[in-house]
Amino acid sequence: MNKTKALAITSFALFSLFFGAGNLLLPPLLGYNSGDHWLWVSIGFMLTAVFVPILGIYAHSKLQGTLFDFGKKVSPSFSFLYCVIIYIIAVAIPSPRTAAATYEIAIAPNFNVGALSTSLVYFAFVLVFVFNRSKILQLIGKYLTPVIVIILLLVILVSLFTLDFRVASVPMEFPLLNGVFEGYQTFDAIGSVVVGAVIIISINQKFDYSFEEKKALIKKSGIISGLGLFLIYLGLIATGAFFSAEIDLDDTLSNNMQRANLLRHISNNALGNIGGSVLSILIGLACFTTAVGIVTGAADYFKGLFKNSKTVYVIAAILACVFGVVVGQLNFNAIIVIAIPFLLFIYPITIILILLNAIPERFASVLVFRLVVLVTFLFSIPDVIGFILPSETLEGIIAYIPLAEHSFGWVLPAFITFILVNVLSRKGLSV
């Protein structure tokens with residue numbers, strides 16, 4: 001296979017592994033609710049849903065190992081624990097969420113089928129793909145992703161060219177930070193460290209490339225898929241914003257039903273009577289490819305822990321799918337709410353690990369890794385506790401931490417720690 005074709009297939013596969021339930025459902029309603037602030041919200045959303053994830057792929061291109069390599073500079077024990085937590089979260093939240101979204105939006109409105117039956121069939125097909133591990137790049141990158149991209153572009157472009165460019169005036173404080181936090185919900189930063197490892201193993205199985213050739217392929221495919229995500233997200237947010245002046249969503253409905261209804265409005269406006277059917281296909285495909293990536297990544301990791309045992313790979317994949325069936329019975333909105341405290345805990349650490357692995361090594365010593373990750377962890381604790389058990393005492397503490405009221409109290413301390421450790425290290429001082 002020539003390198004141009006390999007780049008195209010890898011880029012498409014990477015895009016598709018990223019683009020799942022949250023990626024399609026979250027941006028339109030975000031745009032709708034932000035109204036005339038949609039551009040600032042988009043910038044914030046892109047930071048955590050595009051920029052950081054693509055940096056994660058870039059870091060993978062440098063390491064070309066597994067997720068374990070992301071945290072090993074902190075310590076092997078930390079990295080092992082981090083990997084286990086990441087894969088448990090991935091299997092427990094974003095993977096089942098894809099099944100919940102597929103059922104609620106694609107299946108329930110069209111067929112008299114229960115959530116359990118849908119999840120069973122859904123994850124049975126996921127297992128078929130996961131068990132054909134060596135063909136994942138080909139199956140997803142060559143066949144499924146082009147269909148997803150064509151449908152998405154068709155819906156977005158037709159909507160943008162048929163709508164008046166008017167948006168509702170919406171009161172919103174800190175639209176940039178609102179966009180950043182909403183980008184958390186896509187799980188794309190976590191997705192980058194999970195599916196990046198899947199891509200590397202797939203490339204190793206399919207292509208006989210040198211380290212530098214693989215590095216170039218992964219970097220370029222990351223940039224291309226990132227550009228694709230950027231354009232799709234921007235189009236979906238803008239479309240939602242322009243619909244804010246066209247329709248009124250029922251405020252009594254859950255956020256998930258509002259997301260679904262808005263997507264149906266957008267699809268029907270763009271494609272007429274077939275809009276609902278096209279939306280169902282789009283949701284199913286987008287969710288399915290992400291579930292395949294998550295389950296494959298988890299199975300790959302646990303297989304590596306047990307001397308590349310194929311039996312462990314099969315068992316891990318089956319357990320991940322069983323868990324997906326069980327949790328997938330919850331509705332999409334409930335899964336999002338459950339996810340928030342886990343995101344507040346693991347997302348900051350993941351972002352820091354991505355950034356430290358992406359920058360030049362001279363600025364990312366073992367000491368830098370350890371202290372910055374420690375500070376990030378400590379300053380994330382108030383965010384997590386404040387969400388689970390809010391109290392006046394905690395609010396008093398948060399008031400003294402910059403950005404903590406927006407759940408970003410870790411950002412400034414982590415940055416200051418990074419600068420101080422590097423400056424003092426350059427001067428030959430111990431820290």
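**Figure 1. V198 counts as buried, at 1% relative accessibility.** The model shown here and in the other views is predicted. V198 sits in helix α10. Leaving out residues up to four places away in sequence, V198 touches R133, G293, T296, G297 and D300. T66 lies 132 residues from V198 along the chain, and the C-alpha atoms of the two are separated by 8.6 Å.

**Figure 2. Helix α10 runs from residue 188 to residue 206.** The helix has 19 residues. From its first C-alpha to its last, α10 reaches 25 Å, close to the 27 Å expected at 1.5 Å a residue. Of the 19 residues of α10, 15 are buried, and the helix is mostly covered. V198, the subject of the previous view, is one of the residues of α10.

**Figure 3. Helices α1 and α13 pack with their axes 7 Å apart.** Helix α1 spans residues 3-18 and helix α13 spans residues 275-305. The angle between them is about 100 degrees, and α1 and α13 are therefore roughly perpendicular to each other. The contact between α1 and α13 involves three nonpolar residues, four polar ones and no charged ones. On the α1 side the residues are S16, L17 and F18. They meet A286, T289, T290 and G293 of α13. G293 is also among the residues that V198 touches.

**Figure 4. T10 of helix α1 is buried, with a relative accessible area of 0%.** Which residues does T10 touch, not counting those up to four places away in sequence? They are L137, I199, I203, F207, L217 and S221.

**Figure 5. S159, in helix α8, counts as buried at 0% relative accessibility.** Apart from neighbours within four places in sequence, S159 is in contact with T239, I266, N269 and A270. The C-alpha atom of S159 is separated by 31 Å from that of K5, and the two residues are 154 places apart along the chain.

**Figure 6. F174 is a residue other than glycine with a positive phi, near 55 degrees.** F174 is found in the loop between α8 (136-162) and α9 (175-184). Is F174 buried or partly exposed? With a relative accessible area of 46%, F174 is partly exposed. H37 is 137 residues away from F174 along the chain, and their C-alpha atoms are separated by 9.5 Å.

**Figure 7. Q64, which is not a glycine, has a positive phi of about 50 degrees.** Q64 is placed in the loop between α3 (38-63) and α4 (68-71). At 14% relative accessibility, Q64 counts as buried.

**Figure 8. I43 and L234 are 9.0 Å apart in space, C-alpha to C-alpha.** In sequence, I43 and L234 are 191 residues apart. I43 is found in helix α3. At 40% relative accessibility, I43 counts as partly exposed.

**Figure 9. C287 and C321 are shown in a structure where a search finds zero disulfides.** C287 is in no disulfide, and the cysteine sulfur nearest to its own, that of C321, is 15 Å away. Why is the sulfur of C321 not bonded to that of C287? A disulfide requires a pair of cysteine sulfur atoms within 2.5 Å, and the 15 Å from the sulfur of C321 to that of C287, the closest cysteine sulfur, is too far for a bond. C287 counts as buried, at 1% relative accessibility. C321 is buried as well, with a relative accessible area of 4%.

Key
Residues are numbered from 1 along each chain as its sequence is written. This is a predicted model: local features need pLDDT of at least 70, side-chain atom pairs count only at pLDDT 80 or more; totals for chains, interfaces and linings use all residues. Side-chain values use heavy atoms; hydrogens and water are left out. Buried means under 20% relative accessible area, exposed over 50%, partly exposed in between (1.4 Å probe, protein chains only). Helices (H or I, at least four residues) and strands (E, at least two) are DSSP runs, numbered from the N terminus. The expected span of a helix is 1.5 Å times one less than its number of residues. Axes are lines fitted to C-alpha atoms, for helices over the stretch in contact, and angles run from 0 to 180 degrees between N-to-C directions. Angles under 35 degrees count as roughly parallel, over 145 as roughly antiparallel, 65 to 115 as roughly perpendicular and the rest as oblique. Contact means heavy atoms within 4.5 Å. Ala, Val, Leu, Ile, Met, Phe, Trp, Tyr, Cys and Pro count as nonpolar, Asp, Glu, Lys and Arg as charged, and the others, Gly among them, as polar.
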